[in-house]
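Student: Could you walk me through this fold, one question at a time?
Tutor: Gladly, here it is.

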Amino acid sequence: MGDKQRIIDLIEAKSSIFTNLSDQIWKYAEIRFGLKQSADALCAVLEQEGFQIKRGIAGMAHAFVATYGSGEPWIGILGEYDALPTMSQVAGITEKRVLNHGAPGHGCGHNALGAGALAGAVGIKDYMKETGLPGTIQYYGCPAEESGSGKSFIARAGLFNDLDAVLTWHPMTETAIWGVSSLANYQIYFRFKGTSAHAAAAPEYGRSALDAAELMNIGVNYLREHTIQESRIHYAYTDVGGGAPNVVQASAELLYFIRAPKSSQVREIYERVVDIARGAALMTGTSMEIKWDSSCAEYLVNDALGKAMYANLVAVGPNTYTPEELAFARQYINGLDDMSRARIPAKVASLFPGETPERIAEIAAKPIISDIAPYSMSGQVLPGSTDVGDASWHAPTAQVTIACYPAGTVSHSWQHVACGQSSLIHKGLIQAAKVIALTSLDLLKKPDLVEAAKVEHQQRLIGESYQNPIPPEVIPEE
Ligand SMILES: [Zn+2]
């Protein structure tokens with residue numbers, strides 16, 4: 001494979017830079033938009049590697065774009081680096097033990113995601129530098145994937161507009177090309193303001209914001225019967241107006257998530273939810289105000305780019321592990337409950353649909369399922385949301401998932417935090433970097449691939465264009 005082998009060699013030569021970076025970000029474990037140390041660490045490596053960095057993009061202090069090269073095509077490589085609240089866990093052990101009480105932890109592997117995507121960008125950059133191959137590589141430092149949707153703010157600022165393709169990856173328990181869509185999502189606060197009064201002595205002077213919040217929820221619970229089956233609406237009370245029953249509650253707040261397979265469907269449901277909130281305020285003599293938190297568009301798959309990425313995944317090949325690594329992974333599986341272990345064969349069967357029962361059993365018995373799943377671009381809708389969706393509306397997008405964790409373990413678990421500095425995740429991020437860099441090379445060298453992916457992208461948009469629902473005056477909050 002010549003030039004592709006050269007890129008693989010270039011990435012391997014710098015692998016310790018990338019794995020150290022991942023370990024460093026694991027330790028910082030910052031959340032949402034407050035990612036100063038993590039962004040500093042990523043930018044320091046990118047600067048060292050000759051990328052031009054623009055920090056503080058789209059109103060987020062720790063979002064950035066790092067650019068190398070010039071001319072077409074423009075390839076965007078997305079990196080995430082946010083952790084999850086309260087998930088602190090000691091690394092490298094096979095039991096649940098908190099490292100710092102109440103502190104965040106990397107339960108979704110975004111430390112490796114950011115470092116691995118960066119390694120891919122550096123790998124293709126080193127090759128371009130060596131060969132003079134033209135084109136532009138842009139690494140996007142994207143805060144707040146878990147909560148806050150940094151990419152939707154980058155999209156709102158128009159910073160994905162010029163891209164010809166977008167590539168990224170995610171650490172998982174399987175190795176495959178991402179072939180499913182995701183739910184579009186609005187996250188909005190509804191705030192009610194009323195008037196406090198003595199609840200027994202002068203109730204006629206009181207106007208209860210808590211009543212309004214409760215009536216809103218009742219209204220929305222009736223609405224559910226008249227929305228599409230695939231929609232999901234959930235709420236939480238973020239302010240109940242205090243803990244004193246004898247004081248009429250002057251404030252109350254609800255955080256709503258509204259999800260559906262398409263942004264246009266979410267928009268329609270959102271408008272009906274707003275009407276219900278207005279009605280609740282009218283019924284209770286209170287006032288209502290809306291405060292936006294974030295939104296995600298649904299993820300648009302791309303078969304042309306996905307196939308190119310799959311060919312590179314196969315060319316790179318599955319990771320192999322030492323007996324020690326396999327024994328380490330096995331200990332996590334032994335610690336799972338019976339139900340979690342029992343789910344492994346069914347998951348393998350869904351990933352490898354053409355295989356015999358014997359082969360399924362053989363794969364499911366492995367502590368790490370590094371076998372590459374057959375290519376499938378089903379476009380089915382994953383019951384969750386990701387802000388990669390907002391990037392995918394702007395250019396053909398492909399993602400690879402790499403097995404970095406023991407089989408049967410789940411995202412956002414202590415097990416994933418504990419494995420976050422292990423050689424399993426190190427191997428995974430280097431493998432992801434190679435797949436991203438080789439797919440970037442295809443895009444740089446094959447205008448036909450860029451064109452085919454773009455034609456398909458236009459077809460998938462079916463005449464729609466990206467609409468970010470968040471009002472322009474709303475800025476991301478740390
Ligand atoms: Zn994640």
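What follows is a short set of questions and answers on the sheet, the helices and a few single residues.

Student: Before we start, what kind of model is this?
Tutor: Residues are numbered from 1 along each chain as its sequence is written. Local features need pLDDT of at least 70, side-chain atom pairs count only at pLDDT 80 or more, totals for chains, interfaces and linings use all residues, and the model is predicted.

Student: Which are the edge strands of the open sheet?
Tutor: Helices (H or I, at least four residues) and strands (E, at least two) are DSSP runs, numbered from the N terminus. Two strands pair if DSSP finds at least two bridges between them. The seven strands have the order β1-β2-β4-β3-β5-β13-β6, with mixed pairing. Each edge strand pairs on one side only, and these strands are β1 (52-55) and β6 (176-177).

Student: In β2, which residue is the bridge partner of glutamine 52?
Tutor: β1 and β2 (residues 64-70) run antiparallel and are joined by four bridges. In β2, the partner of glutamine 52 is threonine 67.

Student: Is β3 buried or exposed?
Tutor: A residue is buried if 20 or more other C-beta atoms, placed from the backbone, lie within 10 Å of its own, exposed if 12 or fewer, and partly exposed in between. On one side of β3 are Trp74, Gly76, Leu78 and Glu80, and on the other Ile75, Ile77 and Gly79, all of them buried. Seven of the seven residues meet the cut-off, so β3 is largely enclosed by the rest of the structure: buried.

Student: Which residue in β4 stands opposite glutamate 80?
Tutor: β3 and β4 run parallel, with seven bridges joining them. Opposite glutamate 80 in β4 stands cysteine 142.

Student: How do the axes of α4 and α14 cross: parallel, perpendicular or oblique?
Tutor: Axes are lines fitted to C-alpha atoms, for helices over the stretch in contact, and angles run from 0 to 180 degrees between N-to-C directions. Angles under 35 degrees count as roughly parallel, over 145 as roughly antiparallel, 65 to 115 as roughly perpendicular and the rest as oblique. The axes of α4 and helix α14 (residues 423-445) come within 7 Å and cross at roughly 40 degrees. That makes α4, relative to α14, oblique.

Student: And what is the angle between α2 and α14?
Tutor: Helix α2 (residues 15-28) packs on α14 with the axes 10 Å apart, at an angle of about 120 degrees. The two helices are therefore oblique to each other. The angle again: about 120 degrees.

Student: Where is the cis peptide bond?
Tutor: Proline 73 lies in the loop between β2 and β3. With omega about -10 degrees, the cis bond joins glutamate 72 and proline 73.

Student: Is glycine 194 buried or exposed?
Tutor: Glycine 194 sits in the loop between β8 (184-193) and α6 (209-223). Because 24 other C-beta atoms lie within 10 Å, glycine 194 is buried.

Student: Is threonine 86 buried or exposed?
Tutor: Threonine 86 is in the loop between β3 and α4. Although not a glycine, threonine 86 has a positive phi of about 60 degrees. With 12 other C-beta atoms within 10 Å, threonine 86 is exposed.

Student: Where does histidine 412 lie?
Tutor: Histidine 412 also has a positive phi, near 60 degrees, in a residue other than glycine. Having 12 other C-beta atoms within 10 Å, histidine 412 is exposed. Its place is the loop between β13 (397-403) and α13 (414-418).
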